[in-house]
Amino acid sequence: MRFSGLRVIKEGLTGNRGWTPHWRDATPKDAYDVVIIGGGGHGLATAYYLARNHGITNVAVLEKGYLGGGNVGRNTTIVRANYFLPGNSEFYSHSLKLWEGLEQDLNYNVMHSQRGQIALFHNDAQRDAAIRRGNAIRNQGDDADLLTPDDLRRVLPYLDYEQTRFPIYGGLLQRRAGTARHDAVAWGFARGASDRGVDLIQNCEVTGIDIDAGKVRGVQTTRGAIRAGKVAIVVAGRSSQVAAMAGMRLPIESHVLQAFVTEGLKPCIDHVVSFGMGHFYISQSDKGGLVFGGDLDFHASYAARGNLPMAEHVMEAGMTLMPMIGKAKLLRSWGGIMDMTPDGSPIIDRTDVDGLYFNGGWCYGGFKAVPGSGYSMAHLVATGRHHEPAARFRLDRFLTGRGLMDEEGTGAQHNLH
Ligand SMILES: Cc1cc2nc3c(=O)[nH]c(=O)nc-3n(C[C@H](O)[C@H](O)[C@H](O)COP(=O)(O)OP(=O)(O)OC[C@H]3O[C@@H](n4cnc5c(N)ncnc54)[C@H](O)[C@@H]3O)c2cc1C
């Protein structure tokens with residue numbers, strides 16, 4: 001089934017009876033060439049690119065809940081390529097380029113909106129860091145512009161420019177950054193993979209990984225055993241638990257990240273804006289809700305819900321930056337489980353077990369990475385070689401200390417990234 005404007009009009013006029021399910025509800029087979037554990041953004045994108053780029057279609061994606069029920073459907077949808085360090089820089093640049101062609105590629109409206117992201121800075125040191133970051137972004141071939149306070153007053157008139165505690169010195173703008181509709185991204189990749197023959201199997205939890213003589217043989221699931229030539233672990237916040245099934249202890253801690261949405265308002269926030277002195281960032285959804293978030297809960301947890309102290313912390317930061325937000329009514333808040341690494345950067349690598357691959361450690365920035373991660377992971381699984389833009393996302397950097405990519409310069413404490 002293809003989508004087009006004409007099709008939408010025709011269906012609208014004929015009672016919307018012609019739409020078909022977006023993907024097949026597959027029954028697990030006994031064996032596959034590749035089993036992907038986890039039906040989030042990264043797992044589905046990996047399956048899609050395995051089929052699309054490498055012609056590997058005897059693939060199953062095993063999801064313990066429903067597709068898109070994990071972080072891919074819980075995030076605040078910011079898509080950007082403004083990373084500083086080699087490794088991250090080229091990877092996110094590649095991913096943003098994939099985003100820019102994604103809707104055509106998937107024939108699916110993921111509501112990708114390049115409305116621009118502005119990262120504010122509030123003192124001289126932050127301005128120097130923003131200039132350095134901007135230069136690095138431009139060297140990578142992406143866009144970055146420095147905005148003065150006068151520029152900001154024009155484009156973000158609702159900020160509090162008079163407060164003296166955190167004066168606004170300027171902002172770093174990336175025009176090609178923006179947002180997308182998160183669950184549509186999961187659905188679009190799911191549909192694209194399923195159309196190419198991939199089996200998407202929901203309500204199928206992996207409970208064990210079968211390894212024999214150093215080689216992966218398959219997985220145990222709540223719907224029976226499934227044999228596989230290759231297995232990819234792509235489970236984000238559950239990474240440590242699933243890797244433990246293969247006897248691995250990962251350098252990953254899971255922490256909860258919360259997000260919030262207000263009632264629908266008339267358009268008032270045109271960009272994605274992030275506060276440089278507090279844990280607060282915001283955008284406005286196409287339905288009108290102000291979508292915002294802040295910092296991680298500081299303790300490790302697998303509870304996919306937040307707590308009130310962090311909610312208060314985020315609201316305080318929001319009120320400091322833009323007091324007008326205090327008039328909006330909060331509708332909902334939720335949480336997702338973040339797979340935090342000690343350097344804040346991800347892992348796309350093979351493991352010591354032959355045929356077993358790992359993708360994770362996306363921290364709180366893995367939504368923007370979905371196309372790039374799926375592309376690079378599929379390349380690794382299909383060819384056995386690292387894909388160039390993701391070639392530095394190795395596991396052994398945590399063993400040797402070589403190649404660490406600590407974007408924030410905050411050291412080895414997981415929750416600080
Ligand atoms: C509140 C919040 C805000 C965020 N904001 C942003 C943002 O603005 N921009 C950005 O780039 N990133 C953001 N992120 C991060 C981003 O959402 C994640 O990094 C990314 O979605 C993780 O990858 P995923 O989509 O594959 O994860 P998930 O969707 O969580 O997929 C993993 C899947 O694995 C499944 N699974 C786990 N264990 C098993 C098992 N044993 N068997 C079978 N299946 C299993 C889970 O059910 C889940 O569906 C945010 C996250 C949160 C929670």
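Here are some worked exercises on one predicted chain and its ligand.

Before you start: the model is predicted, so local features need pLDDT of at least 70 and side-chain atom pairs count only at pLDDT 80 or more, while totals for chains, interfaces and linings use all residues. Residues are numbered from 1 along each chain as its sequence is written.

**Exercise 1. Work out how many helices and strands the chain has, and how its radius of gyration compares with the globule rule.**

Step 1: Take the DSSP runs, numbered from the N terminus, with helices being H or I of at least four residues and strands being E of at least two. That gives ten helices and 18 strands.

Step 2: Get the radius of gyration over C-alpha atoms, and set it against the globule rule, 2.2 Å times the number of residues to the power 0.38. The chain comes out at 21 Å, close to the 22 Å that the rule gives for 417 residues, so it is as compact as a globular protein of that length.

Step 3: Look at the box. Along the principal axes, the C-alpha atoms fill roughly 65 × 65 × 40 Å.

Step 4: Call two residues in contact if their C-beta atoms, placed from the backbone, lie within 7 Å. Among contacts between residues at least 6 apart in sequence, 74% join residues at least 24 apart.

**Exercise 2. Find which residues have the most contacts inside the largest nonpolar core, and which helix gives the most to this core.**

Step 1: Sort residues by burial: buried if 20 or more other C-beta atoms lie within 10 Å of a residue's own, exposed if 12 or fewer, partly exposed in between, with C-beta atoms placed from the backbone. Buried residues make up 49% of the 417 in the chain.

Step 2: Build the core as a set of buried Ala, Val, Leu, Ile, Met, Phe, Trp, Tyr and Cys residues joined through C-beta atoms within 7 Å. The largest one has 117 residues, and V35 and I37 have the most contacts inside it. Helix α2 (residues 41-54) gives the most to this core, with seven residues.

Step 3: Zoom in on V35. Leaving out residues up to four places away in sequence, V35 touches A60, L62, V219, I226, A228 and V231.

**Exercise 3. Is I233 buried or exposed, and what does it touch?**

Step 1: Place I233 in strand β11 (residues 224-233).

Step 2: Count neighbours. I233 has 26 other C-beta atoms within 10 Å, so it is buried.

Step 3: List its contacts, skipping residues up to four places away: I37, S239, V242, A243, F358, N359 and G360.

Step 4: Check a distance. I233 and V261 are 28 residues apart along the chain, and their C-alpha atoms are separated by 31 Å.

Step 5: Try I201 in strand β8 (residues 199-201) too. The C-alpha atoms of I201 and R24 are separated by 9.0 Å, with their positions 177 residues apart along the chain. I201 is buried, with 22 other C-beta atoms within 10 Å.

**Exercise 4. Which of N16 and A236, each with a positive phi, is buried and which is exposed?**

Step 1: Start with N16, in the loop between α1 (5-13) and β1 (31-37). Its phi is about 55°, although N16 is not a glycine. With 10 C-beta neighbours inside 10 Å, N16 counts as exposed.

Step 2: Now A236, in the loop between β11 and α7 (239-244). Its phi is about 50°, and A236 is not a glycine either. A236 has 26 other C-beta atoms within 10 Å, so it is buried.

**Exercise 5. Work out where the ligand lies relative to the two domains.**

Step 1: Get the domain bounds, which come from an automatic or database assignment. They are domain 1 (5-14 + 24-77 + 182-249 + 343-416) and domain 2 (113-177 + 253-340). The C-alpha centres of domain 1 and domain 2 lie 28 Å apart, and their contact takes 15 residues from domain 1 and 15 residues from domain 2.

Step 2: Collect the shell, meaning residues whose C-beta atom, placed from the backbone, lies within 6 Å of the ligand. There are 39 residues, and the closest are G38, G40, G70, G336 and G366. Both α2 and β12 (253-264) supply at least two residues each.

Step 3: Classify, with Ala, Val, Leu, Ile, Met, Phe, Trp, Tyr, Cys and Pro as nonpolar, Asp, Glu, Lys and Arg as charged, and the others, Gly among them, as polar. The shell has 14 nonpolar, 19 polar and six charged residues.

Step 4: Conclude. Domain 1 and domain 2 both give residues to the shell, so the ligand lies between them.
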